[in-house]
Amino acid sequence: MTSAGDTQASMSAITQLQLMWLASPALPVGGFSYSEGLESAVEAGLVKTEAQACAWLGDQLHLSLARCDLAVVAQAFDAWRASAPQRITLLNDWVRHTRESAESRLQTEQMGRSLLEWLRNAEHGADVRLTQLAVLTPAPTWPVAFALAAALTLASARQALLCFAFGWAENMAQAAMKAVPLGQSAAQRMLAQLTLQIPGAVDAALQTTDEERQAYTPMLAILSAQHETQYSRLFRS
């Protein structure tokens, strides 16, 4: 006989595994192919060492991700749970309109489309919210699509943001390993440092209002624009 406690523990384990799946580099959305300006920073001589790469990504976590994408994930997560398609459209438009370079806009749209296709093939096809995600024009953005993927689980908003942030950190540590370049041990040390900072960034994002949400990173925008014409590149951004 299965007790209520056993059932709750089983659902908790399933939710944890679903979030691990969403955070995995194996998720077929192409996150591994982007460096989000880091490759350009290396080319410009701004990032040459493990310490510089770690500091760069820490700044990006707090000054960019927490104020922008993490805040959008938090707000879109609530909107998906509340079945508020107009709110979702506004958030999706905000992400697109505030991307500061063509590369960053293409990245969020490509990853959003890819996650939509994955969700369609992951036994969620009958959920009406997938249709609402699919009609976002010209494409669903990555934070908005991820928020729906997380909302389809039993996760809390904080768990969803921790998952999103860790997936980003793992991709960026791998990008630093290839672009700087660094060894695997260095990348793991960087990931350990970012992991310690992620909970604080997530808590800040959860408290961010519409008026406080922002996407203003001039140096990153310039580097991203320069990357578009960089002669030799490993990454798409």
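Colleague: Which residues lie nearest the centre of the largest cavity?

Modeller: In this predicted model, the structure holds 1 cavity of 30 Å³ or more, and its volume is about 640 Å³. The lining of the largest cavity is made up of 40 residues. Those that lie nearest its centre are Glu36, Asp69, Arg99, Gln107 and Trp168.

Colleague: How do the residues of that lining divide into nonpolar, polar and charged?

Modeller: With 40 residues lining the largest cavity, each is assigned to one of the three classes, Gly being counted among the polar ones. The division comes to 20 nonpolar, 16 polar and 4 charged.

Colleague: Which helix gives the most to the lining of the largest cavity?

Modeller: At least two residues of the lining are supplied by each of α1 (4-23), α3 (50-65), α6 (102-120), α8 (142-151), α9 (157-179) and α11 (218-227). The helix that gives the most, with 6 residues, is α9.

Colleague: Where in α10 does the kink lie?

Modeller: Helix α10 covers residues 184-206, and its 23 residues reach 32 Å from the first C-alpha to the last, close to the 33 Å expected at 1.5 Å a residue. The helix nonetheless has a kink of about 35 degrees, placed shortly before the proline Pro199. The residue at which this kink lies is Gln197.

Colleague: What covers the buried residues of α10?

Modeller: Buried here means under 20% relative accessible area, and the buried residues of α10 include Ala186, Met190, Leu194, Ile198 and Ala205. An α-helix has 3.6 residues a turn, so residues three or four places apart point the same way. The cover over the buried residues of α10 includes α3, α4 (69-81) and α9.

Note on methods
Residues numbered from 1 in each chain as written. Predicted model: local features only at pLDDT ≥ 70, side-chain atom pairs only at ≥ 80, totals over all residues. Heavy atoms only, no water. 1 Å grid on protein atoms, 1.4 Å probe; cavity = no way out; pocket = protein on both sides within 12 Å on 5 of 7 lines; lining within 4 Å. Points joined across faces, edges and corners; volume = space filled by probe spheres on them. Helix = DSSP H or I, 4+ residues; strand = E, 2+ residues; numbered from the N terminus. Expected span 1.5 Å × (residues − 1). Bend = angle between axes of the 7 residues up to and from the residue. Buried < 20%, exposed > 50% of the residue type's maximum accessible area, 1.4 Å probe, protein only. Contact = heavy atoms within 4.5 Å.
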